[in-house]
Amino acid sequence: MTEEQLAVLEKFGFRAEGEQLKHFKLGIVREKEEFARFSPTEELQAYVKQILRNQCLWKRLE
């Protein structure tokens, strides 16, 4: 995972812990390799936004 990818993820609230990325406010835990496959920054941002949007929708339904 590149520094640029980590910067994008941190911008959206994720923090790296070992081989995992965690979003503490929303309770999301994902493996780094899931995000490492996105090379253009725009694709990574779109994927992260999708994850956050889906998590927020699930929280509303609970």
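What follows walks through the sheet, the first helix and the aromatic cluster of this predicted model.

The sheet is a handy place to start. It is open and has 3 strands, in the order β1-β2-β3, with antiparallel pairing. The edges are taken by β1 and β3 (28-31), each of which pairs on one side only. From one strand to the next, the twist averages 30 degrees. As a reminder, strands of a sheet pair through backbone hydrogen bonds, either parallel or antiparallel.

Going strand by strand, β1 and β2 run antiparallel and are joined by 3 bridges. Here Arg-15 stands opposite Lys-22 in β2. The hairpin that β1 and β2 make has 2 residues between the strands, and Gly-18 in this hairpin takes a positive phi near 65 degrees. On the other side of the pairing, β2 and β3 are also antiparallel, this time over 4 bridges. Lys-22 turns up again in this second pairing, where it stands opposite Val-29 in β3. Leu-21 stands opposite Arg-30 in β3, and His-23 has Ile-28 as its bridge partner there. The hairpin of β2 and β3 has 4 residues between the strands, and Gly-27 in its turn has a positive phi of about 70 degrees. A helix comes in here too: α3 lies across β2 and β3 and runs at about 145 degrees to β3.

Next comes helix α1, which spans residues 3-11 and has Gln-5, Leu-6, Val-8 and Leu-9 as its buried residues. Looking down the axis of α1, these buried residues fall within an arc of 160 degrees, so they line one face of the helix. Glu-3 and Lys-11, on the other side of α1, are exposed. As for what the buried residues of α1 pack against, the list runs to β1 (15-17), β2 (20-23), α2 and α3. Just after α1, the chain reaches Gly-13, which takes a positive phi of about 100 degrees.

Leu-6 is worth a look as one residue of helix α1. Leu-6 counts as buried because its relative accessibility is 16%, and the cut-off for buried is under 20%. Setting aside neighbours within four places in sequence, Leu-6 is in contact with Met-1, Ala-16 and Leu-21. Cys-56 is another matter: Leu-6 and Cys-56 are 50 residues apart along the chain, and their C-alpha atoms are separated by 22 Å.

Then there are the aromatics. Phe-14, Phe-35, Phe-38 and Tyr-47 form one aromatic cluster, and the count of aromatic pairs comes to 3. One of these pairs is Phe-35 with Tyr-47, which is edge-to-face, at 5.9 Å centre to centre and with 65 degrees between the planes. Phe-35 lies in helix α2 (residues 32-36) and Tyr-47 in helix α3 (residues 41-61), so the pair ties together parts that are 12 residues apart in sequence. Both Phe-35 and Tyr-47 are buried. Tyr-47 also has a charged visitor: the charged end of Arg-37 sits over the Tyr-47 ring, 5.6 Å from its centre.

Phe-35 itself has a relative accessibility of 0%, so it counts as buried. Leaving out neighbours within four places in sequence, the contacts of Phe-35 are Met-1, Gln-5, Leu-9, Phe-14, Leu-21, Arg-30, Leu-44, Tyr-47, Val-48 and Ile-51. Among them, Gln-5 and Leu-9 belong to the buried residues of α1, while Leu-21 and Arg-30 stand opposite each other in the sheet. Val-48 is 13 residues from Phe-35 along the chain, and the C-alpha atoms of Phe-35 and Val-48 are separated by 8.5 Å. Met-1 and Leu-21 are in contact with Phe-35 and also with Leu-6.

Terms used. Residues are numbered from 1 along each chain as its sequence is written. This is a predicted model: local features need pLDDT of at least 70, side-chain atom pairs count only at pLDDT 80 or more; totals for chains, interfaces and linings use all residues. Side-chain values use heavy atoms; hydrogens and water are left out. Rings of Phe, Tyr and Trp (its six-membered ring) pair if their centres lie within 6.5 Å; planes under 30 degrees apart count as stacked, over 60 as edge-to-face and the rest as tilted. Buried means under 20% relative accessible area, exposed over 50%, partly exposed in between (1.4 Å probe, protein chains only). A charge sits over a ring if NZ of Lys or CZ of Arg is within 6 Å of the ring centre and within 35 degrees of the ring normal. The arc is that of the directions from the helix axis to the C-beta atoms. Contact means heavy atoms within 4.5 Å. Two strands pair if DSSP finds at least two bridges between them. Axes are lines fitted to C-alpha atoms, for helices over the stretch in contact, and angles run from 0 to 180 degrees between N-to-C directions.
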